[in-house]
Structure formats: structure tokens, C-alpha cells
Amino acid sequence: MEKNPDNTLHNYKFEVPEIIFGRGMLSQVGACARRLGGKKVFLVSDKGLFHAGWVDQAMRSLLDAGLEFIYYDGITPNPKDHEIEGGVREYHRHGADVIVGLGGGSSMDAAKAIAILVSNGGRISDYEGPDRIIRPLPPLVLCPTTCGTGSDVSQFAIISDTEHLRKICIMSRCVAPDISLTDPNTLATLPDEFVGTTATDALSHAMEAFFSIASTTLTDVHAIKALRLLSSSLSNAVHERKPDDMENLARASLHAGMAFSNSMLGIVHALAHPIGGLYDANHGSINAILLPEVIRYDIPVVTEKLQELAWGLGHRANGDISAANERIQETLDSLLEASGAPRSLRSIGVLRKDLPELARQALKDVCIVTSPREADEEDLLRILERSY
Ligand SMILES: [Fe+2]
């Protein structure tokens, strides 16, 4: 791959959906669905958001736009293949024609996966890997209500394969929605424990996107912006939950999402997927645990970008690589500390005996392809051991 002097790709494409962002914008979800030609909306969300009142707001907006809707909340964290199949049956049974996903990564990835199956048929595992989707999906509007997933702008969908206890990673331009609609007001009801752990997902998206071998000038801009927003607001958002800080986390998630959707990810996510599949564990927490060791592993091959990142975050390292490295490690450490996310695989219930198999599975994950430093099974196992 041809590279620019700043180690970004020479030729590239950058794709994002239409983006609507702002407090109170959830009231526009009906207008968005109608604009996409929908008459009967398949609304995918979860019970937590229903109780918080956001589903009701979305339903009112759909009714105001003159649309019918079917509500589907048969989704759990780390959405499962059978939950997707249940959604597909409901979609067909009611003759829906547009999908709205409202929630965190689970609801949005589920909405994407339902969209894949309603127009392409088969089982969700048929679409694992890059570019396996043939037929166009129904119109899709995604509304994130956490501060980390980036699913609302990304070309990825992650679904749990319950038979083999692993995650299916689908990558296709088709799964990026038509419209990404963020209403930062919805973060007001996000439970405390998810503020930090979803923000660490955004943190790992931004870091991995920045160091990815497929990074471009445009993805770098968004990755750095995300990291700056996290640096300025994560600690305050976790401890005080002021609306401005919460909104900054929503913006960070959006920028990190645009970055990783176009440059892909790396070893953190390649390892996080099998761990999440086997233990049904929180995705942001797994990333928070793995990120320091993966960055340490990458450092020898990302020295130029490391300096650029230090500069982007406002650290003046003046060409001193070890100073830049120190500043980045300090930033990372303080963000992870502030997030309150767990710091060891043991603490989230991962069993040491499973580490070799997790390393083997990560080698097959699509995210490993864009890691800045190649890794074999032993390298991955070493990262897991150090994160244990
Ligand atoms: Fe992620």
C-alpha cells in the first residue's frame, strides 16, 4: 500500500452516512424514516431505554410523521443470532419497510443484522467477514444512546454465534445506515457504569483507527478529535455527568466511529471479539483491559505516528520519541483510570486456560488485518497473559 510521509494511505475513500447531531433531535426520527420512504417502521430498542422514556419519544415522533411502527425489544447485550432471527420473523410478519435502531451497540448491531437477513435471507453467520452481502438492505436509521459504540456510522456489525460461543464480525459498506441520528440528551439516563465503559470503546476505536495501516488523513483527523474530546471530558462526565461533558462523549463516539469505520481496527478488537463471544462480557471493558498492552506491543512500529498523536493531543515532545511515548501512555492511563473500567482479564471472569484458544480465534478476526504490527499466535497469547 502506498503511504504518505505521515504514514497514512495515499489513495482512499471515506464514507459516512448522513449525520444528524444535537440535543432534542430524537424528535426528528419520524421525519427521517418517512424521508427514506418508510410507511411501517420496525423499531429495535431495549427494555432499559423503554423504561427511560426514550422509546416513547421515538414512537411519538414516528406517529407525528404519520408512520405505523412495530416495536421489537427482544435484544440482549452482545446480541445473539436467535434474537436476530426472531426480529426477522417479526419484520416479515408485519410487512415493515424501514428499520430504526435506538440504543447502544447491541440494539444498533441487531438492527443492522435484521436488515441484512430480511433482504438477503439465510443465517447471520453466512455474512461473516468482509463484503459478503449481495442485496441492498431496507432503509436504516440508527440512533445511539451510549457514548462509545460508533455503530451508527460504521460498516461493521457484531453478532454472537450462540452455538459456537464466538462473535461474528460482519464488514460491509451496506451495513452503514442511511442516517445516523444522535440526541445527546439520551445520555442523561445512561447508567453510571456504562458511561466509562462505553467511552473506553470510543477510546480504543480512536487509538486503533489512528495506528491502523489503513489510516488516512481524514480518519486521523477524526481519531485525534475523538481523543481530544475524551481527554477534556471523560473524567468530568464520569464523575459529574454534566450535559456538556456528556455531549462531548457523544461527539467523541461519533468521531471515533467515523475514523474506525474507514480505517478499521487492530489487535484490541481482534481479541475483544472472541473474549466477548465466549464470556458475554462488556465490550468496552474488554477493550479497556487490552488497550495498554496492545499499544505497548505496537509502539516499535508506530514511532512516527506516535509523535503526531502526541502533537495532536497538545503534548510538545519536540521529536523526542520516548517523551512522546511517555505522554501518550500517561494520557491513556489517566483516561482508563477515570473511566473506572476494569483493568485485568481475570477481574471480568476470563479463565487462564482459555487464553490459547482466544489467541487462536483472534488470528481469524477481520480486525487483525489492519494491525500496524503483525502478530502470530504467540504474540497474541503474550498480550493476553500480560493483560491477565
Ligand atoms: Fe468497539
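Modeller: Two residues are in contact if their C-beta atoms, placed from the backbone, lie within 7 Å. In this predicted model, 79% of the contacts with a separation of 6 or more are between residues 24 or more positions apart.

Colleague: What makes a residue count as buried, and what percentage of the protein is buried?

Modeller: A buried residue has 20 or more other C-beta atoms within 10 Å of its own. Buried residues make up 56% of the 388 residues.

Colleague: How do you know whether the radius of gyration agrees with that of a compact globule?

Modeller: The globule rule is 2.2 Å times the number of residues to the power 0.38. For 388 residues that puts a compact globule near 21 Å, and the protein has 20 Å, so the value agrees. Along the principal axes, the C-alpha atoms fill a box of roughly 60 × 40 × 40 Å.

Colleague: Which secondary structure elements are there, and how many?

Modeller: The protein has 14 helices and nine strands. Six strands form an open sheet with parallel pairing, in the order S1-S9-S6-S4-S2-S3.

Colleague: Why are strand S1 (18–21) and strand S3 (68–72) called edge strands?

Modeller: Each of these two strands pairs on one side only. From one strand to the next, the twist averages 20 degrees.

Colleague: How do you know that S2 and S4 pair?

Modeller: Pairing takes at least two bridges found by DSSP. Strand S2 (residues 40–44) and strand S4 (residues 98–103) are joined by four bridges and run parallel, so the pair meets the definition. One of the bridge partners is Val 100 in S4, set against Leu 43.

Colleague: Which strands do helices H3 and H4 lie across?

Modeller: Helix H3 (residues 54–64) lies across S2, S3 and S4, at about 155 degrees to S4. Helix H4 (residues 81–94) lies across S2 and S3, at about 160 degrees to S3. Angles run from 0 to 180 degrees between N-to-C directions.

Colleague: What are the domains, and where do their bounds come from?

Modeller: The bounds come from an automatic or database domain assignment, which gives domain 1 (18–186) and domain 2 (191–386). Taken over C-alpha atoms, their centres are 25 Å apart. The contact takes 27 residues from domain 1 and 31 residues from domain 2.

Colleague: What makes up the side of domain 1 that touches domain 2?

Modeller: Strand S5 (129–130), strand S7 (156–161) and strand S8 (166–171) are the elements that give two or more residues to that side. The largest share, four residues, comes from S8. By class, that side has 11 nonpolar, 12 polar and four charged residues, with Gly counted as polar.

How values were computed: Residues numbered from 1 in each chain as written. Predicted model: local features only at pLDDT ≥ 70, side-chain atom pairs only at ≥ 80, totals over all residues. Buried ≥ 20, exposed ≤ 12 C-beta atoms within 10 Å, placed from the backbone.
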